[in-house]
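Colleague: Could you take a close look at the salt bridges in this one for me? Start with whichever pair you like and work outwards from there.

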Amino acid sequence: MTATTSAVWLPFPAEEIDGLPEGLDYRYWDGEPDYPGDPADCAYYVVPYMKGPEVAVRPLAKMRGVQVVQTLSAGIDHVEPGLGSLPPGVRLCNAKGVHEASTAELTLALVLASLRGIPGFVHGQDAEEWRSGFYPALADKSVLIVGYGSIGSAIEDRLAPFECARVARVARSARASARGPVQALDELPALLPESDVVILSTPLNPSTRGLVDAEFLAAMPDGALLVNVARGGVVDTKALLAELESGRLRAALDVTDPEPVPAGHPLWHAPNVLITPHVGGSTSAFEPRAKRLLAAQLTRFAAGEPVENVVRTTG
């Protein structure tokens, strides 16, 4: 680092983050129209959280001295459009370790609420109707997790007490895991017909965009539940709507395409769908974990040590 490229742009005031190293010029920027200084002086850029891709990439073209771009999300798709404007050698880091607990919690909440009919009970309460009956349980269901990174693993950890008949795991490439084999994406055609619950926790990239298309959905058994806590673009919304409106499948979506769902969109009123507004990581657990991550990363950066969670380096 040089004296002209020691600025760190943070989406939290520096005084609110315990353990930040001395010797860096901390500047607060959370997506406001005015920058906290010349972007060319920024050495370490922490992307504002949940402010959208336009905010995320806005300063990148001017960050000629940036060395690290740090997201506070597990996904990096919102900053990818701006990476081409960066100089070579810039490290892009994600927020592995920040969102696993919260996203896994919401995933289980969506699965259980959908299977046990909680939305219908809420509507029944509003209408003063007693909607008793038998509802599906998670116990004895076969679950498929598509995208078995740290979030997928955390989801399986929380599935463990629910007596599922089987949990299958799929990732880009086959490998072993502590809980069992992880199969490659090309194994999906054989796995989908046996899966009562399909959970999407994969990153959005060229190989996963539109992965859940009409063919994917047709392979799921009647009455199966699709849960998306990944990115909306992983699912072909038109194809999903056709399955929902036919009554053959159910869905629980924390992410959608388009997002947010615009007024009047048929997804709002499709049968058998539960929608939450992309709140998988937006919990009380986010801020303390994010701040601990930043303090640890910047301590390494200030000491000239390798930062962690590097998912890409510009070239």
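Modeller: Let's start with Glu156 and Arg169, which form a salt bridge whose closest N and O atoms are 2.9 Å apart. Bear in mind that this is a predicted model. The two partners come from distant parts of the chain: Glu156 belongs to helix α4 (residues 150–159) and Arg169 to strand β7 (residues 166–171), 13 residues apart. Is the pair buried or exposed? Glu156 has a relative accessible area of 6%, so under the 20% cut-off it is buried. Arg169 counts as buried too, at 7%.

Go one residue along helix α4 and there's another bridge, where the side chain of Asp157 meets that of Arg179 at 3.1 Å, N to O. Asp157 lies in helix α4 while Arg179 sits in the loop between β8 (175–177) and β9 (180–184), so this pair ties together parts that are 22 residues apart in sequence. The surroundings read like this: Asp157 is partly exposed, with a relative accessible area of 38%, and Arg179 is partly exposed as well, at 40%. So helix α4 holds Glu156, which is buried, and Asp157, which is partly exposed.

A further pair is Arg248 with Glu243, with 2.9 Å between the closest N and O atoms. Both of those residues are buried. Then there's a small network: Glu16, Glu287 and Lys291 are joined by salt bridges that share partners. Over the whole structure, the search turns up 13 salt bridges.

That network leads on to helix α8, which spans residues 286–302. Helix α8 lies across β1 (7–10), β2, β3, β4 and β5 (91–93), and runs at about 160 degrees to β3. Those strands are part of an open sheet of 6 strands with mixed pairing, in the order β2-β1-β3-β4-β5-β14. At its edges stand β2 (25–28) and β14 (310–313); each has a single partner strand, so one side of each is left without a neighbour in the sheet. On average, neighbouring strands here are turned by 20 degrees against each other, ignoring direction. Inside the sheet, β3 (residues 42–46) and β4 (residues 68–70) run parallel and are joined by 3 bridges. Tyr45 stands opposite Val69 in β4.

While we're on these strands, what about the cysteines? The disulfide count comes to 0. The sulfur of Cys42 has its closest cysteine sulfur in Cys93, 13 Å away, which is too far for a bond. Seen from the other end, Cys93 is in no disulfide either, its nearest cysteine sulfur being that of Cys42. Cys42 counts as buried, at 0% relative accessibility, and Cys93 also comes out buried at 0%.

One last spot, for contrast with the charged pairs: helices α2 (residues 100–116) and α3 (residues 118–126). Their axes come within 5 Å and cross at roughly 65 degrees. Leu112, Ala113 and Arg116 from α2 meet Ile118, Pro119 and Phe121 from α3. By class, that contact has 5 nonpolar residues, no polar ones and 1 charged.

Terms used. Residues are numbered from 1 along each chain as its sequence is written. This is a predicted model: local features need pLDDT of at least 70, side-chain atom pairs count only at pLDDT 80 or more; totals for chains, interfaces and linings use all residues. Side-chain values use heavy atoms; hydrogens and water are left out. Axes are lines fitted to C-alpha atoms, for helices over the stretch in contact, and angles run from 0 to 180 degrees between N-to-C directions. Helices (H or I, at least four residues) and strands (E, at least two) are DSSP runs, numbered from the N terminus. Contact means heavy atoms within 4.5 Å. Ala, Val, Leu, Ile, Met, Phe, Trp, Tyr, Cys and Pro count as nonpolar, Asp, Glu, Lys and Arg as charged, and the others, Gly among them, as polar. Two strands pair if DSSP finds at least two bridges between them. A disulfide is a pair of cysteine sulfur atoms within 2.5 Å. Buried means under 20% relative accessible area, exposed over 50%, partly exposed in between (1.4 Å probe, protein chains only). A salt bridge is a side-chain nitrogen of Lys or Arg within 4 Å of a carboxyl oxygen of Asp or Glu.
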